[in-house]
Structure formats: structure tokens, C-alpha cells
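Here are my notes for a colleague who is meeting this structure for the first time. Please keep the sequence and the model open while you read through the numbered points.

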Amino acid sequence: MNFEKLINRAKEQGIINDPKMVAAVSAMTPMLTLLAKEHPDEYNKFVRTQYETMYGRHYNEEFAKEDADNLVYTNRQGEQRQGAHWTRDQVLDATKRFTFSPEVTEWDKYVAFNAFFADTNQDLEDELVLKAAYRFYFCDQDWPSKNTKIWDYMTMRSQLVG
């Protein structure tokens, strides 16, 4: 029997409850530890999928810092850089004039504006980076959910890169 079928059968029989689910997840810890060690990319995909299932496609601090720390770019001076250009507080201050949907988190903003900076800083001044990032990530009318574009974009990126 596969795992999904096992869970679905328990659900149909009405025997799933919070303590049992916590116990089931805890029993998976040794297998997940092995997966993390031997296949870290697959483990990270698994954890990100579980996070999405529980919290939705918006950043929390931990995922935001992880994704921002992995940004690699060349700055205007031709120097290789890795990580966020702006702090969370700097992003929040610089973008307070923009209107965001209530579900957009401060960490969504942190990743979006830093990711866009990494991609465009050689060609755009900071003010234009901010405006363009806002339009690209938070105002895109043809994205299925403009409020989750940064999460979706970075998740696709991580699957391509890693």
C-alpha cells in the first residue's frame, strides 16, 4: 500500500485526528532525516510543499532568508555578490507608498524586491528597481494569483537551479 492510499483510507474511515497525525509525522522523522542527508534538494522540495499545504504560498522569515541568501548577482561595480541587498526593514520603508493585498507578507516583499534587485541592478537605479519589482510581482494581471507570484517564481527557480 502506498502512503497516500493509507492516509486516504484512514480519512474515509474517520480515524484521523490531530494526535494521530502528529504521531504519524513524528514516525517519519528518521526517513526524512535520511532524505535530507542523501537528497537535500528533494527534501527541500518536500518541506516547501508541506509548508505550502499548511500556510499557503507566502513567505515566512525562515524561507525568505533562505531564498534571499541564495541570490547571486553582479553589482554595478562588477563585483560578485550573494544574498539580500536590502534588509527587511529597508524594504518595508522603501515600499510603504505601494498598496499590497492584505495576504502579502513582509517576507514576500523582502524576497521580491531583493530578487528583482539582483536581476536588474546593473541596468536600473534603485528607485526604478522598486517600482518595477512592485509591478512585476504584485500587479501582474495575468498571473493566476498576483499575491503569490514571488513564492511561485522562487519555487520554480529553485526547482530549475537546484
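1. Before turning to single residues, it helps to fix the words for accessibility: a residue counts as buried under 20% relative accessible area, as exposed over 50%, and as partly exposed in between. Val72, with a relative accessibility of 53%, therefore counts as exposed. Please bear in mind throughout that this is a predicted model.

2. As to the overall make-up, the secondary structure of the protein comes to 9 helices and 2 strands, and along the sequence these elements follow the pattern α-α-α-α-α-β-β-α-α-α-α. The radius of gyration is 19 Å, well over the 15 Å that the globule rule gives for 162 residues, so the protein is more spread out than a compact globule. Along its principal axes, the C-alpha trace spans about 60 × 35 × 25 Å.

3. Two further totals belong with this overall view. Of the 162 residues of the protein, 31% count as buried. Among contacts with a separation of 6 or more, 54% are accounted for by residues 24 or more positions apart.

4. To return to Val72, this residue lies in strand β1, which covers residues 72–74. Once its neighbours within four places in sequence are left aside, Val72 is in contact with Gln80, Arg81 and Gln82. Val72 and Met154 are 82 residues apart in sequence, and their C-alpha atoms are 13 Å apart in space.

5. The next topic is the interior. The largest nonpolar core holds 31 residues, and of these Tyr59, Phe113 and Phe138 touch the most other members. Helices α5 (61–69), α7 (106–120), α8 (126–138) and α9 (149–161) each supply at least two residues of this core, and α7 gives the most to it, with 9 residues.

6. Tyr59 deserves a paragraph of its own in view of its place in that core. Not counting residues up to four places away in sequence, Tyr59 touches Arg48, Tyr51, Ala64, Asp67, Thr105, Trp107, Asp108, Val111, Ile150, Trp151 and Met154.

7. Is Phe100 buried or exposed? Phe100 has its place in the loop between α6 (88–94) and α7, and its relative accessible area is 17%, so it counts as buried. Its contacts, not counting residues up to four places away in sequence, are with Thr95, Lys109, Phe113, Tyr134 and Phe138; Phe113 and Phe138 are also among the core members that touch the most others. Phe100 and Cys139 are 39 residues apart in sequence, with 9.0 Å between them in space, C-alpha to C-alpha.

8. Leu92 is found in helix α6 and, at 24% relative accessibility, counts as partly exposed. With its neighbours within four places in sequence left aside, Leu92 is in contact with Glu106 and Lys109, and Lys109 is also one of the residues that Phe100 touches. The C-alpha atoms of Leu92 and Leu128, which are 36 residues apart along the chain, are separated by 16 Å.

9. Helix α9 offers two residues to look at. Asp152 is found in this helix and, at 14% relative accessibility, counts as buried; leaving aside its neighbours within four places in sequence, it is in contact with Arg57 and Trp143. Gln159 also lies in α9 but, at 45% relative accessibility, counts as partly exposed. Gln159 and Lys45 are 114 residues apart in sequence and 7.9 Å apart in space, C-alpha to C-alpha.

10. Which residues lie nearest the centre of the largest pocket? They are Met21, Val25, Phe46, Gln50 and Met54, out of 17 residues that line it, and about 560 Å³ of space lies in this pocket. Helices α1 (3–12), α2 (18–27) and α4 (40–55) each supply at least two residues of the lining, while the largest share, 8 residues, comes from α4. By class, the lining of the largest pocket has 14 nonpolar, 2 polar and 1 charged residues.

Terms used: Residues numbered from 1 in each chain as written. Predicted model: local features only at pLDDT ≥ 70, side-chain atom pairs only at ≥ 80, totals over all residues. Heavy atoms only, no water. 1 Å grid on protein atoms, 1.4 Å probe; cavity = no way out; pocket = protein on both sides within 12 Å on 5 of 7 lines; lining within 4 Å. Points joined across faces, edges and corners; volume = space filled by probe spheres on them. Helix = DSSP H or I, 4+ residues; strand = E, 2+ residues; numbered from the N terminus. Nonpolar A, V, L, I, M, F, W, Y, C, P; charged D, E, K, R; others polar. Buried < 20%, exposed > 50% of the residue type's maximum accessible area, 1.4 Å probe, protein only. Contact = heavy atoms within 4.5 Å. Core = buried A, V, L, I, M, F, W, Y, C linked by side-chain atoms within 4.5 Å. Rg over C-alpha atoms; globule rule 2.2 N^0.38 Å.
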